[in-house]
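User: I'm new to this one and would like a quick tour of its charged side chains. Can you put it up so we can go through it together?

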Amino acid sequence: ETCFLNHRLGRDICPPSVTSLSLVKADGQGNCLNEDTYCVVSCQDGTPFITWTAYNIKWCSEHPESCAPKPSVIPYDKFAIKSWSEPPKVPEKCESYTMERFRNLPPFTVGVLARGNE
């Protein structure tokens, strides 16, 4: 079982510890078990943890721009684990440089783009 977060830029895979059971249990997330609250979990590729966010249903109905959309409830008899549909990504091969060629490269800058939990 692989849980993931879909978003407008693609799909982030959650750590292996995140399963449908762990999401339902919401260990340590007392607010997520309240009837007047719903929770959203965020995952990010390569990070070993997840972020829980709790939203008050009444407040969010009055301020929808400040809340994540409320997930729809899936009845138990309609719940199904779906097969992973994204084809495996084959990493592009890196061009190999000899040390001599590397020494003669002009100066260059390396930038790092990081998101959220990294």
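User: Is Arg103 buried, partly exposed or exposed?

Analyst: First, a heads-up: this is a predicted model, where local features need pLDDT of at least 70, side-chain atom pairs count only at pLDDT 80 or more, and totals for chains, interfaces and linings use all residues. Residues are numbered from 1 along each chain as its sequence is written, and side-chain values use heavy atoms, with hydrogens and water left out. Buried means under 20% relative accessible area, exposed over 50%, and partly exposed in between (1.4 Å probe, protein chains only). Arg103 comes in at 57% relative accessibility, so it counts as exposed.

User: Which side chain does Arg103 meet in a salt bridge?

Analyst: A salt bridge here is a side-chain nitrogen of Lys or Arg within 4 Å of a carboxyl oxygen of Asp or Glu. Helix H3 (residues 99-103; helices are DSSP runs of H or I, at least four residues, numbered from the N terminus) holds Arg103 and a residue three positions away, about one turn of the helix. The two side chains meet at 3.6 Å, N to O, and the partner is Glu100.

User: How far apart are the closest N and O atoms of Lys58 and Glu62?

Analyst: Both sit in helix H2 (residues 57-62), and because they are four residues apart, about one helical turn separates them. Lys58 is exposed at 59%, while Glu62 is partly exposed at 48%. Their salt bridge has its closest N and O atoms at 3.6 Å.

User: How many salt bridges does the structure hold?

Analyst: Besides those pairs, Lys25 and Asp27 meet in a salt bridge at 4.0 Å, N to O. The total is three.

Conventions: Helices (H or I, at least four residues) and strands (E, at least two) are DSSP runs, numbered from the N terminus.
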